Amino acid sequence: VAAPIDQTFEVFTDLAKLVERIPGITALEILSDGPFGEGTRWRETRLMFKKEAVEEMWVTGFKPSQSYTVEARSHGMLYQTLYEFTPEGDGTKVSWTFKGTPQTFGAKLTAPIFGLLFTGVMKKCMQGDLDALRDVCEGKAPQA
């Protein structure tokens, strides 16, 4: 991202503006008070497979301008996404790591098949989010 690390981190963690910034999000309700940080919770609505999908998410790890971890539970799975921000030249390198861990017997049975089908869709969705936020950071999209 061709923007300073503090600015990039701020854009990525500004929940109030994500609906305007990320085309894939159709609604977002912040469920906690205070600034973005560990314990922040929200409910996010996206269009997935031509249907609305609503997930509640929360921040479980937070290091200002360095990283944050978001978790969600859905259909017997625990999803964890780690976002990391490091200075790179005059900009910021943003990387993410996504992991889904089956929590129920049913999820453990279906995880191998579902994982194969879901991985490509999830990667495309996450990359689209990152691209949209990068464009905001670099002034190529509305700041909302």
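Two strands count as paired here if DSSP finds at least two bridges between them, and that rule underlies the close-ups below of this predicted model.

**View 1. Strands β3 and β4 pair side by side.** Strand β3 (residues 51-63) and β4 run antiparallel and are joined by six bridges. To find your way in, look for Trp58, whose bridge partner in β4 is Glu71. Three residues lie between the strands in this hairpin, where Ser65 takes a positive phi near 60 degrees.

**View 2. Strand β4 in its surroundings.** Of the eight residues of β4 (residues 67-74), seven are buried, so the strand is largely enclosed by the rest of the structure. On to its pairing with β5: the two strands run antiparallel, with eight bridges joining them. Thr69 stands opposite Leu82 in β5. The hairpin of β4 and β5 has two residues between the strands, and His75 in the turn shows a positive phi of about 50 degrees.

**View 3. The hairpin of β5 and β6.** Twelve bridges pair β5 (residues 77-88) with β6 (residues 91-102) in the antiparallel sense. Pro87 makes a handy landmark, standing opposite Thr92 in β6. Two residues lie between these strands, and Gly89 has a positive phi near 60 degrees.

**View 4. Two cysteines without a disulfide.** If you are hunting for disulfides, the structure holds zero. The sulfur of Cys125 has its closest cysteine sulfur in Cys137, 18 Å away, which is too far for a bond. Both residues are tucked away: Cys125 is buried, with a relative accessible area of 17%, and Cys137 is buried too, at 5%.

Notes: Residues are numbered from 1 along each chain as its sequence is written. This is a predicted model: local features need pLDDT of at least 70, side-chain atom pairs count only at pLDDT 80 or more; totals for chains, interfaces and linings use all residues. Side-chain values use heavy atoms; hydrogens and water are left out. Helices (H or I, at least four residues) and strands (E, at least two) are DSSP runs, numbered from the N terminus. A disulfide is a pair of cysteine sulfur atoms within 2.5 Å. Buried means under 20% relative accessible area, exposed over 50%, partly exposed in between (1.4 Å probe, protein chains only).
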